[in-house]
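Work through the following exercises with the sequence and the structure open beside you. Try each task before reading its solution.

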Amino acid sequence: MESIYQYYSQGIWKKSESGETVEIQSPYLKKTIGFVQALTQEEVDQCIQGAKEAQKSWAKKSIYERAHYLQAWADELLKMKEELATTVMQEVGKAYQDAVKEVERTVDLIRYTVDEAIHSRGQSLNGENFPGGSRSKLAVVERVPLGVILAISPFNYPVNLAAAKLAPALITGNSVIFKPATQGSISGIKMIEALAKTNLPAGVLNLVTGKGSVIGDYLVEHKDISMVTFTGGTVTGERIAQKAKMIPLVMELGGKDPAIVCEDANLKLASKQIVSGAYSYSGQRCTAIKRVLVHDSVADELLSLIKLEVEKLSVGSPEENATIVPLIDQQAADFVQGLIDDALQKGATLVLGGERKDNLIYPTILDHVTKEMRIAWEEPFGPVLPIIRISSLEEGIDIANASEYGLQASVFTQNIDQALTIARKLETGSVQINGRTERGPDHFPFIGVKKSGLGIQGVRRSIDSMTREKVIVLNINE
Ligand code: NAP
Ligand code: G3H
């Protein structure tokens, strides 16, 4: 009998009055692994009201008191590492070893966030430093929490990308409404079970489940939500941005990260980095390399090296730590298949792959991809790599920048001046020189521009975005 999981509100695990649940199917076991509650609007409202009330006393606690709960949470997560990794594996089809790494990375992230927040400093400004000003005014600038933060996470990092929002929100004195991706919510529930074990004060963290399409608008539009921190698809992000009131938003959205390979690149290194970047977790990473822009003169050699690397990839079950695993659902596989079919119809060359078994797409390489093909622009979130041949670096930069996305880019060259020149011209949040595109380490600022996002994540920047400056001016009569 599969478990029926409850939602978490006011420090209590509860069943929804709706009597309805959402069924969670494993993407590779092809069976139901549990049910989560489908909350009503009234229940969502109760969670938010409880969070609003609880935030007042939570913010008054000293940062060391709040740190105590978060450190204890990290300890609990570590204790249940194997159990949580197994849930992540079964729920979102991530290779077991990668799921274990995700939990370990999350423990480090929570601890680092606590340290970073503890070492935050305010500022004081003396009036005399402005023309005509005087020492009689002294401004004390401190950072204060925003209130109730709505944290919405995606399926592909159900633990790490949730904690990347919850930890900075909580340590800085906010309360949280956590809405995990439905496919990923059992993992979310388990990580909150660990947090609940720390005896966190009731109402400080509330976990709501149910389809985003049903409760999402209500959550985002709620008058008592002070900020939305969201990671997910661009279409969802744009909807949230339209619905949200005048509150801060941080959005990490889709990507179409290019790898630009110059004539002088170390092709062996480039091929290894590109394959690892493009195919890990079947390409279900926002930062996956999603197109290669390679100079004509080295394209054949690079392609044969990439092909050799891709042929080595293991395909199969997350339980066997395969790199290429079934995609999150059938719909995702249909979408990737559609992109492959469109490219082949328009004249792309199938170098490898093109096969499919249900939602398992075999690693696919498409050569001679042109600007007319959908795969040149759309994010597959699957294991398919389009190769676009370019005749000059300017052409490569133009194609890279013509994308509506702007998350990251990789540049492969042995000429550092050339690398920096290209990096400066690319319209992305980050540029990796001679390495694959990736978010970590988690204290680096993580930025999506254009349709890849709004605001900045990364430990320090998340702390900043979940607090605001407050100025108290001392008027001194000397
Ligand atoms: P998604 O479908 O956009 O879902 C993300 C979250 O939004 C889920 O919790 C979802 O809940 C919720 N949601 C859906 N409709 C909503 C609404 N109307 N209002 C509020 N919330 C709503 O994305 P995904 O499929 O989980 O993740 C894949 C996408 O995320 C890819 O495009 C990927 O590039 C992007 N991503 C970006 C980053 C980054 O840091 N840039 C990181 C990871 C993923 P339900 O699950 O209940 O629908
Ligand atoms: O899916 C989006 C994640 O932010 C990517 O993180 O680069 O560590 O895999 P990653």
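**Exercise 1.** Determine how many bridges join strand β14 to strand β19, and in which relative direction the two strands run.

*Solution.* In this predicted model, begin by locating β14 at residues 289-295 and β19 at residues 384-390. Between these two strands there are four bridges, and the strands run parallel. For one particular pair, take valine 294, whose bridge partner in β19 is arginine 389.

**Exercise 2.** Place these two strands in their sheet, and find which strands form its edges.

*Solution.* Start with the order of the sheet, which is open and consists of seven strands: β15-β18-β19-β14-β13-β21-β22. The pairing along this series is mixed. Next, look for strands that pair on one side only, which are β15 (349-352) and β22 (430-433), the edge strands. Finally, follow the twist, which averages 25° from one strand to the next.

**Exercise 3.** Find which strands are touched by helix α13, and describe how helix α11 lies on the strands.

*Solution.* Take helix α11 (residues 330-345) to begin with: it lies across β15, β18 and β19, and runs at about 30° to β18. Then turn to helix α13 (residues 416-425), which packs on the sheet and touches β13, β21 and β22. The direction of α13 makes about 160° with that of β22.

**Exercise 4.** State how the protein is divided into domains, and how many residues each domain gives to the contact.

*Solution.* According to the domain assignment, domain 1 comprises 3-253 + 453-472, while domain 2 comprises 257-450. The C-alpha centres of the two domains lie 31 Å apart. To the contact, domain 1 gives 32 residues and domain 2 gives 29 residues.

**Exercise 5.** Describe the surroundings of ligand 1, and work out what share of its area the protein buries.

*Solution.* Ligand 1 is surrounded by 30 residues, and the closest are Thr182, Gly212, Thr236, Leu253 and Glu379. A polar side-chain atom of threonine 236 is 2.6 Å from an oxygen atom of the ligand, and a polar backbone atom of glycine 233 lies 2.8 Å from a ligand oxygen. Taken alone, ligand 1 exposes 920 Å², of which the protein buries 85%.

**Exercise 6.** Do the same for ligand 2, looking at its polar side-chain neighbours and its buried share.

*Solution.* The residues around ligand 2 include Arg105, Asn156, Cys286 and Phe446. An N or O atom in the side chain of tyrosine 157 lies 2.4 Å from an oxygen atom of ligand 2. For arginine 285, the distance from a side-chain N or O atom to a ligand oxygen is 2.7 Å. Taken alone, ligand 2 exposes 310 Å², and the protein buries 97% of that.

Methods
Residues are numbered from 1 along each chain as its sequence is written. Chains are lettered from A and ligands numbered from 1 in the order in which they are written. This is a predicted model: local features need pLDDT of at least 70, side-chain atom pairs count only at pLDDT 80 or more; totals for chains, interfaces and linings use all residues. Side-chain values use heavy atoms; hydrogens and water are left out. Two strands pair if DSSP finds at least two bridges between them. Axes are lines fitted to C-alpha atoms, for helices over the stretch in contact, and angles run from 0 to 180 degrees between N-to-C directions. Contact means heavy atoms within 4.5 Å. A residue is near a molecule or strand if one of its heavy atoms lies within 4 Å of it. A polar contact is a pair of N or O atoms within 3.5 Å; within protein, one must be able to donate a hydrogen and the other to accept it, and residues adjacent in sequence count only if both atoms are side-chain atoms. Accessible areas come from the Shrake-Rupley method with a 1.4 Å probe; for residues, only the protein chains shown count as cover. Domain bounds come from an automatic or database domain assignment.
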